[in-house]
Structure formats: structure tokens, C-alpha cells
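Work through the exercises below with the coordinates open, and try each task before reading its solution.

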Amino acid sequence: MSGHAQVALELDDIQRGVLSPRPTPYAASYLVFRIDDRAHGRELMRRASAVATSAAGSPSPLGETWVSVAVTYHGLKALGVPHESLGTFAWEFRQGMAARAKALGDVGESRSENWEAPLGTADVHVVFAAVAPDAEKLEAAIDRARTAYHRLPGITAIWRQDCRALPTETEHFGYRDGVSHPAVEGSGIAGSNQLEKPLKAGEFVLGYPDELGGVQTPRPEVLGRNGGYAVFRKLHQRVAAFRRYLKDNATSREDEELLAAKIMGRWRSGAPLALSPQHDDPALGADPHRRNTFLYSRDDPAGFTTPGGCHIRRANPRDAVVAGEVRLHRMIRRGAVYGPPLADSVMEDDGVDRGLMFSFIGAHLGRQFEFVQSEWLNDGVFFGSGNTKDPIAGAHEGHTDFIIPRRPVRRRLPPLPRFVVTRGGEYCFLPGLSALRWLGDLQD
Ligand code: HEM
């Protein structure tokens, strides 16, 4: 097959959660299960193939509502997937997230010994994620999902995380989220940046050619094809500390907002600095057709408008000159907020757990998610800024400053504390629907 041919994706076999951006607003739940009895695990997979929503066809009567079913490496083992097959999965997946701590910056407070039980243990086997536009439709989706594990005593529900969009449609630090996502060839879903060429389907769905012309498929093909890897991470956010950092380092209320924008690369409304350098522009921030259509290299190579070290330029340098090939490190993200908001202007921590259930979907755990996390968020060498880290999600230990390029002299903010702490997570495989049936039909 030519590397340039448009590939027809088997949308009726791919789980909807792989390709569809989540609705806005949204409600979501993550349910984690342990398989204690192999036969029940296989029955769970059989039933799950009827519950998981495919990427094809008309939207369900529940609107943008779907259930995704994912299996961890320990889950595949618990189901009795043959050894020869297990060895064909990505080695990061086989190791599991807790073992990847060094690459991910899960050190100090974020280390897996501090994670919420049972995350990071061999008990995490199957993850259901239900997403809907509101709490009522979510309940209906969870009721449907329940039919998959109902009356299976060999399946134990061991963890649950509910997520609810905030009324402000922002994440807890106050920025609009869910803005930027790549276009995937053959998916029928438009990307958010008209200046970015759609990416080859094989960057996100296993079994199709990727940007390098290779095809990654765990074996046997019926198991690997139309699947994807999914990463979920529970990221606790220190909202009061973030607010204090901005306030302590700003000269005025307006300056506080400017610092917030320089740290993110976008104003809180979602309007990018690249298109609105001096002040926020809420109409731009609310406009899905304009707010992500920009590049960096022509107008802002040195980061005078959008600093090279801000969150969105690190996480996706677009066409900026950096070490490496940006198109090999693109990610599909699905963030969902958990926990109640911290009331406006409160500057002291109230002890409540709030944050983001971060999730990544792609075909390449190593060169996509882990690369972005370790090389772009937790290092600065790629754009010539030494060992600096991402100001929002970096694994800070209070050593690195945040630099805002400015004429005649750059502005240097004092060392950043850690604003985000990992509370747990796992690497999963999102099988295609026929792969779920194959898992259900396994025999010893
Ligand atoms: C609690 C932690 C985090 C918060 C609060 C956060 C917040 C945000 C916000 C507000 C945006 C801009 C709006 C959007 O495009 O959706 C964004 C963009 C993005 N974030 Fe994060 N993020 C977090 C962690 C991460 C992590 C851990 C990664 C990667 C490993 C990441 C990767 C990205 C990417 C790829 C973009 C899109 C950049 C672009 O295309 O311009 N984020 N994030």
C-alpha cells in the first residue's frame, strides 16, 4: 500500500473512544475491575463487545455517549492470552505505568508507593470508561455497562473515579480545555487546526500504516487490529498553590492574567497568545474554528509571543524548530475534571482532592505519550532551554525557573513548585470489537 493512499478505517470495529473528542459539557466515570476467575473474565469480554460503542454509524439515542473497554497487560494475562501473543505488545505496556516512573517523572510525592490503591498494582485488569454529555445520560451508560459485569462473582469492581465538567467549562487552574486535537486520516473527524495535515491513521489505531510507513499490530492480527493504547492518569492539581504563585509574581491583576497566559500559551478563555498576544479575547476562545488555527515558526520563532517553555508549545511545538520530528509525537488526549472547584479567590488549600483524569490514546506509547512527558514536559533541551520543565505539569522539585522571552530583557520567574501530583494510573489496550469477542472466546 502506498504511504500516500487514504486508508479506509474499519470504524465499525474501532471503539468510539479512540477517535471521538469528548462532548462539552461532559460527565464521565472510570470503573476498574479485577478478574478473579478466568471464565468470568472471558464472559466479561464477550458481553463488553456488545456494550462498547463503535466509531461507526449514527449517534446513539443518548447523543454523544459511549462506553470504552480497556484491558491492562495483567488483564490480558488473567484472561489467558497466550504467551507468544503477550510478547508482541509494546514493551512499555508490558511493564505497566508504575514501572515507568523514571521516564514519567513519577518521583518524590508522585511515586507509585504513594498512589491510590489499587492503582499501580497487578490487580488492575479491566477499565471501563463511560462518557456522556450530562449526569443523567452517564447513569444510563453505566447501567448499560453494568450488564457486562452483572452476576459475575469472579469479577470485582475495585476502583471508581467520577468526573464532572466544571460549570466554567475549564479545568481546575481556570483554563478552557479540550481545545486542540489532531485530525486522523479516514476518521471523518475534523482536526482543530486547519494548518495541520491529518496524521496517518496508524499513529493512533493499530494495524494501519503510520507516519513512518510502518504497521504496528500485536499478534494475532484479530487481537491487535483496530485497537489502540490508552493511558489514564489521575493528576491531582494544587489550585491554591498555583493561584499564589501567579499572585506572588505579578505586579497587578492584569499582569497575573498575562503570567497565566504565558505559562499556558493560552488565556483562560482558550484564546491563544499566538492570535491574541496582548489581552484575552473570549469570543476567540469560544470559537472552535479559529482558536487553534496557528503555527509558530514564521511569526514567533523565538517565543516572544508564545514562550517555548509554556505548556501548549512544549506539548505540541507545531512547526517550531525543535530537536525531533513533531508529527511523530502527536497525541489524542481526553482530559476530564474530577473534584469540586476551589471557590474563587481562595488562596489556601482546603484539603479536597481535585484534578484531571488525563488520558492519552495512540498507537505508540513510547514515542508519543512517554516521549512528550519525558523529553518535552520534563526537559527543555529540545528547544534550547536546558533542564527546565513544563510550568503546569512538570515534575518540579523547586529548582527550575520559568523564562518569558521579552525585549529588551527576558523576564525570569522564580523556581516553580510542583502544581500537579500523580495519584495513579495505568497503561491499557483498547481492543477492537472483534478483538473483545476473540478475548471472550479464548480457550485453555
Ligand atoms: C493537570 C495537568 C494538566 C493540565 C491542567 C493541562 C491543561 C491543558 C490545557 C488548559 C490545554 C490547552 C487547551 C487544549 O488544547 O485542550 C492543554 C493542552 C495540551 N496538553 Fe495539557 N494539561 C495537563 C497535563 C498534560 C500532560 C501530562 C500532557 C502530556 C503528557 C499534556 C499534553 C497536552 C497537549 C498535547 C495539549 C495540546 C497542545 C496543542 O496542541 O497546542 N497535558 N493542556
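The exercises that follow treat a helix pair, the ligand shell and some backbone features.

This is a predicted model, in which local features need pLDDT of at least 70 and side-chain atom pairs count only at pLDDT 80 or more, while totals for chains, interfaces and linings use all residues. Residues are numbered from 1 along each chain as its sequence is written, and side-chain values use heavy atoms, with hydrogens and water left out.

**Exercise 1.** Determine how helix α2 and helix α7 are oriented, and which residues make their contact.

*Solution.* Begin with the helices, which are DSSP runs of H or I with at least four residues, strands being runs of E with at least two, numbered from the N terminus. The axes of α2 (residues 38-51) and α7 (residues 135-149) come within 7 Å and cross at roughly 155°; axes are lines fitted to C-alpha atoms over the stretch in contact, and angles run from 0 to 180 degrees between N-to-C directions. The crossing angle therefore makes α2 roughly antiparallel to α7, a label for angles over 145 degrees. Next, list the contact (heavy atoms within 4.5 Å): α2 supplies Leu 44, Arg 47, Ala 48, Ala 50 and Val 51, and α7 supplies Arg 144, Ala 145, Thr 147, Ala 148 and Tyr 149. Sorted by class, these residues are seven nonpolar, one polar and two charged.

**Exercise 2.** Describe the residues around the ligand and the polar side-chain atoms that approach its oxygen atoms.

*Solution.* First take the shell, where a residue counts if one of its heavy atoms lies within 4 Å: of its 26 residues, Val 179, Ser 180, His 311, Asn 316 and Arg 318 come nearest. By class, the shell has 14 nonpolar, six polar and six charged residues. Then turn to the distances to an oxygen atom of the ligand: a polar side-chain atom of Ser 180 lies at 2.6 Å, a side-chain N or O atom of Arg 318 at 2.7 Å, and one of Arg 333 at 3.1 Å. Finally, β5 (228-237), α12 (311-315), β8 (355-362) and α13 (365-377) are the elements that give two or more residues to the shell.

**Exercise 3.** Locate the cis peptide bonds before Pro 25 and Pro 118, and the positive phi of Glu 169.

*Solution.* Recall that most residues other than glycine have a negative phi, and most peptide bonds are trans. The bond from Thr 24 to Pro 25 is cis, with omega near -5°, and Pro 25 lies in the loop between α1 (16-19) and β1 (27-35). The bond from Ala 117 to Pro 118 is also cis, with omega near 5°, and Pro 118 sits in the loop between α6 (101-104) and β3 (126-132). Glu 169 has phi near 55°, in the loop between β4 (155-164) and α8 (221-224).

Key. Parallel < 35°, antiparallel > 145°, perpendicular 65-115°, else oblique. Nonpolar A, V, L, I, M, F, W, Y, C, P; charged D, E, K, R; others polar. Polar contact = N/O pair within 3.5 Å; in protein donor to acceptor, adjacent residues only side chain to side chain.
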